[in-house]
Amino acid sequence: MAGLFQRALRLRTALRCLYDYSTLSRSTATLSPVDFHRPFLTCSSEQVLASTRKLHAGAEGSKVSPSAAPERLPFCRVTEEDLAFFRKILPGRTIVDPDLVEPSNVDWLKSVRGSSEVLLRPQTTEEVSQILRWMVTKSTESRNLAVNPQGGNTGLVGGSVPVYDELILSTSLMNKILNFDSISGVLTCQAGCVLENLSFYLEERDYIMPLDLGAKGSCQIGGNVATNAGGLRLLRYGSLHGTVLGLELVLADGQVLDCLSTLRKDNTGYDLKQLFIGSEGTLGVITAVSILCPRKPKSVNVVFLGCETFEQLLKTFQLCKGMLGEILSAFEFLDSECMRLLNTHLKLPNPISDCPFYIVIETSGSDPTHDAQKLHNFLEEAMTSSLVSDGTVATEEAKIKALWSLRERVTEALTHDGFTHKYDISLPVERIYQLVTDMRKHLGNQAKSVVGYGHVGDGNLHLNVTSPSKDPALLAAIEPFVYEWTASCRGSISAEHGLGLKKRNYIYYSKQSQAVALMGNIKAMLDPKGILNPYKTLPDNLKQ
Ligand SMILES: O=C(O)CC[C@@H](O)C(=O)O
Ligand SMILES: [Zn+2]
């Protein structure tokens, strides 16, 4: 009873602080690569074949590559003549020193490694166009040199690194802001601008980016668009399919496609840019983006709450939507296993008492007094109806950052826990934690940790399973179980991370075979030689 009272008191004190609130900005923690070593991705034939057997009816009988590491396709090998050409158009920016190319060959998780020998660093769209033209036609000779477009290389499905010797085309030096219209809020910039730099630029002008990710310090806007990244603000500002107004692209044959519109409304024909959003660099190379940015909220509050059950967490979400309405900008969760990993590996303390579930709620509005009052009413109601058992409210920037770190750094904590199997699942929101519970039961003591966290507001669960080292038996126990479970609820096996290399052969769990075949036709039309980011997104069995 005394404990309960103290907890209530802590929340009440925090609530009082709300009235002293001043404008605050979000965490700027970055996801920097960690130095750890573990075996690179491979996948047993039995495991892939087992999952293949479960593919949607329409795809049954079709052949899927029995290995997650596909065979090298018959692309041309890079020659001295190629290098001479690249050096001419990219002087000092055609990198062949293996030590300098190496970081671009390995993904952020250090789970996939390519063997590219060339890193190209264009600065302009024209340079990208010249590179791609050369890849398909050297002088008059037709050829097919493969290319791996790469942004910040923060992807989690092996989509951003080469698989074999594809030339790496990095957008890192394409980092200029081209225009910002302070009346419409439309930002136009090159693809290689780092998300956090764009946020800083906009915040000085009283605007924000409509998306925010844990990887903001390294990821680039072109990569964000190419993967249709979701992140922490999607609940409020929607997906990039809505906020991206225009794209400039270079197609596989080197043609520049200028769809860099800044209009909110434009119904002249097909909306071509949508095809490239989320296509993971397989249909064209994004060179510039125009995006609609919201005004910077005058008032931001962050609350960290604890719940005893996931059902209470869902009820809190319902209450929150009803009582905070238009000022709700994020509703995220992590379970007690995530908290344990944050404590153990990153030494991040739990700011409240131990609970099975934790919620991060952010509000963003235009009137600090009004927002504080709404939040106060919501917290009072959540407490008196016993939906939440403990909580704290951030009223100063450092604490806001610390609270957000608890959610944003779970991925980093997991990298210290061992070999990590990642699943990024979309489900009807009321089912999202059931998958974690069922997975724990299903795996028994085979796994080291089974954790659940993610974007409750978007029905997006991040299910991660770790083991001390790579364990084929564990993998065979997780997959296809996880995909079948997801398909049985008509969920998506990739909510926001894409398919990349790792998940490409599981697409049929979430897409009908006719839809996948149509994707293959689109790929064949836009990239007939298949040179753009090969082995990614589409399954191996697809004839192009
Ligand atoms: O590492 C993961 O599984 C999720 C990463 C990211 O999408 C997040 O929401 O933190
Ligand atoms: Zn996420």
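1. Contact here means heavy atoms within 4.5 Å of each other. With that cut-off, the buried residues of helix H6 pack against three elements: strand E7 (177-181), strand E8 (186-190) and helix H7 (221-226). The model is a predicted one, and the points below should be read with that in mind.

2. Helix H6 covers residues 195-203, and its buried residues are Leu195, Glu196, Leu198, Ser199 and Leu202. Viewed down the axis of H6, these buried residues lie within an arc of 155 degrees, so they line one face of the helix. Glu196 and Ser199 are among the buried residues, alongside the leucines at 195, 198 and 202.

3. For the chain as a whole, there are 19 helices and 18 strands. The chain has 544 residues, and 58% of them are buried. Among contacts with a separation of 6 or more, 76% are between residues 24 or more positions apart. The accessible surface amounts to about 21900 Å², and carbon and sulfur atoms contribute 54% of that surface.

4. Strand E17 runs over residues 449-455, and seven of its seven residues are buried, so the strand is largely enclosed by the rest of the structure. E17 pairs with two strands that merit separate comment.

5. On one pairing, E17 meets strand E13 (residues 328-335) in the antiparallel sense, over two bridges. Here leucine 334 stands opposite tyrosine 453 of E17.

6. The other pairing is with strand E18 (residues 460-467), again antiparallel, and over seven bridges. Glycine 452 has leucine 463 in E18 as its bridge partner. E17 and E18 form a hairpin with four residues between the strands, and in this hairpin glycine 459 adopts a positive phi near 65 degrees.

7. Which residues coordinate the zinc ion (ligand 2)? The donors are His455 through NE2, His462 through NE2 and Glu496 through OE, at 1.8 to 2.1 Å. Their spacing in sequence is H-x6-H-x33-E. Water is not among the atoms, so the site may look incomplete.

8. The zinc site can be placed relative to the hairpin. His455 is a donor to the zinc ion (ligand 2), and residue 455 falls within E17, which spans 449-455. His462 is likewise a donor, and residue 462 falls within E18, which spans 460-467. Are these two histidines buried or exposed? Both histidine 455 and histidine 462 are buried.

Conventions
Residues are numbered from 1 along each chain as its sequence is written. Chains are lettered from A and ligands numbered from 1 in the order in which they are written. This is a predicted model: local features need pLDDT of at least 70, side-chain atom pairs count only at pLDDT 80 or more; totals for chains, interfaces and linings use all residues. Side-chain values use heavy atoms; hydrogens and water are left out. Donors are N, O and S atoms within 2.8 Å of the metal (3.2 Å for Na, K and Ca); water is not among the atoms, so sites may look incomplete. Buried means under 20% relative accessible area, exposed over 50%, partly exposed in between (1.4 Å probe, protein chains only). Two strands pair if DSSP finds at least two bridges between them. Accessible areas come from the Shrake-Rupley method with a 1.4 Å probe; for residues, only the protein chains shown count as cover. The arc is that of the directions from the helix axis to the C-beta atoms.
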